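User: I am new to this structure and would be grateful for a close look at a single part of it. Please take one residue as the starting point and work outward to the elements around it.

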Amino acid sequence: VLMRYYQASEVNPEFLSQAYQLIDITIAKHPKEAKAYSIQGDFYYRDRNDAKALTSFKKALEFDQTKLIIWEQTLSLELGLNKTDELIADGERAIELFPNAPQLYLFTGFGYEKQKNYEEAIYKWNIGKELVVDNQGLLAQFYSSLGTAYHKAKNYPKSDESFEKALLISPSDALILNNYAYYLSLRKAKLEKALQMIKQANDIKPNNP
């Protein structure tokens, strides 16, 4: 019933108040049911109430840790809300449970990068990229992230190598072009290439400040 309300409230917001009332009733009647908290999190997430969504998803994980998607949603929200310590702790736990899920390594690596622990971020991302199957966009994201982390760790040859691999996969990704050009310009290296890339990025996304 709540799933039907989820779909109906996307079309007609008048159903929202009823939906949230039903969620409260469901949780009151089934306070140890992970699915109840999970769907509450889905509603909050869709309605852009990220802090409450995170609380709901973490509550769901208290009762059921077997759903990969809930771990991914939790880590994504922790990243967006800058809850770095929680991101790392939950990321490491999720990796223990799902060691072959590349997305978990990506999020956990972001946590370490935010703590300026570039060595651990690089370690996580190098593992994660090897686990990617049939997802070129995700693989490019791993290489681009590695390019950033290697730059911050002052391993510039590895940084350039990683960005080049990212661009081989996604040659028209404006963010990758922008970041690579930016880090080259900081180093005052390959400036003609940097200028060419940032012009290309601006052509791809002309309204991005």
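**The surroundings of Tyr6**

Analyst: Beyond the residues within four places of it in sequence, Tyr6 is in contact with Asp42, Phe43 and Arg46. The model is a predicted one. Tyr6 itself belongs to helix 1, which covers residues 2–11. Tyr44 offers a further point of reference: 38 residues separate Tyr6 from Tyr44 in sequence, while their C-alpha atoms are 11 Å apart in space.

The contacts of Tyr6 form part of a meeting between two helices. On the side of helix 1, the participants are Leu2, Met3, Tyr5, Tyr6, Ser9 and Glu10; on the side of helix 3, they are Ile39, Asp42, Phe43 and Arg46. Sorted by class, this contact contains 6 nonpolar, 1 polar and 3 charged residues.

The geometry of the pair can be stated as well. Two packed helices are described by the distance between their axes and the angle between those axes. Helix 3 spans residues 34–46, and its axis comes within 11 Å of the axis of helix 1, with a crossing angle of roughly 10 degrees. Because angles under 35 degrees count as roughly parallel, helix 1 and helix 3 are described as roughly parallel to each other.

For wider context, the largest nonpolar core of the model has 58 residues, of which Leu104, Trp125, Phe142 and Met197 touch the most other members. Helix 9, residues 136–152, gives the most to this core, with 8 residues. Setting aside its neighbours within four places in sequence, Trp125 has contacts that include Phe142, Ser145, Leu146 and Ala149, as well as Tyr105 and Leu106.

Methods
Residues are numbered from 1 along each chain as its sequence is written. This is a predicted model: local features need pLDDT of at least 70, side-chain atom pairs count only at pLDDT 80 or more; totals for chains, interfaces and linings use all residues. Side-chain values use heavy atoms; hydrogens and water are left out. Helices (H or I, at least four residues) and strands (E, at least two) are DSSP runs, numbered from the N terminus. Contact means heavy atoms within 4.5 Å. A nonpolar core is a set of buried Ala, Val, Leu, Ile, Met, Phe, Trp, Tyr and Cys residues joined through side-chain atoms within 4.5 Å. Buried means under 20% relative accessible area, exposed over 50%, partly exposed in between (1.4 Å probe, protein chains only). Axes are lines fitted to C-alpha atoms, for helices over the stretch in contact, and angles run from 0 to 180 degrees between N-to-C directions. Angles under 35 degrees count as roughly parallel, over 145 as roughly antiparallel, 65 to 115 as roughly perpendicular and the rest as oblique. Ala, Val, Leu, Ile, Met, Phe, Trp, Tyr, Cys and Pro count as nonpolar, Asp, Glu, Lys and Arg as charged, and the others, Gly among them, as polar.
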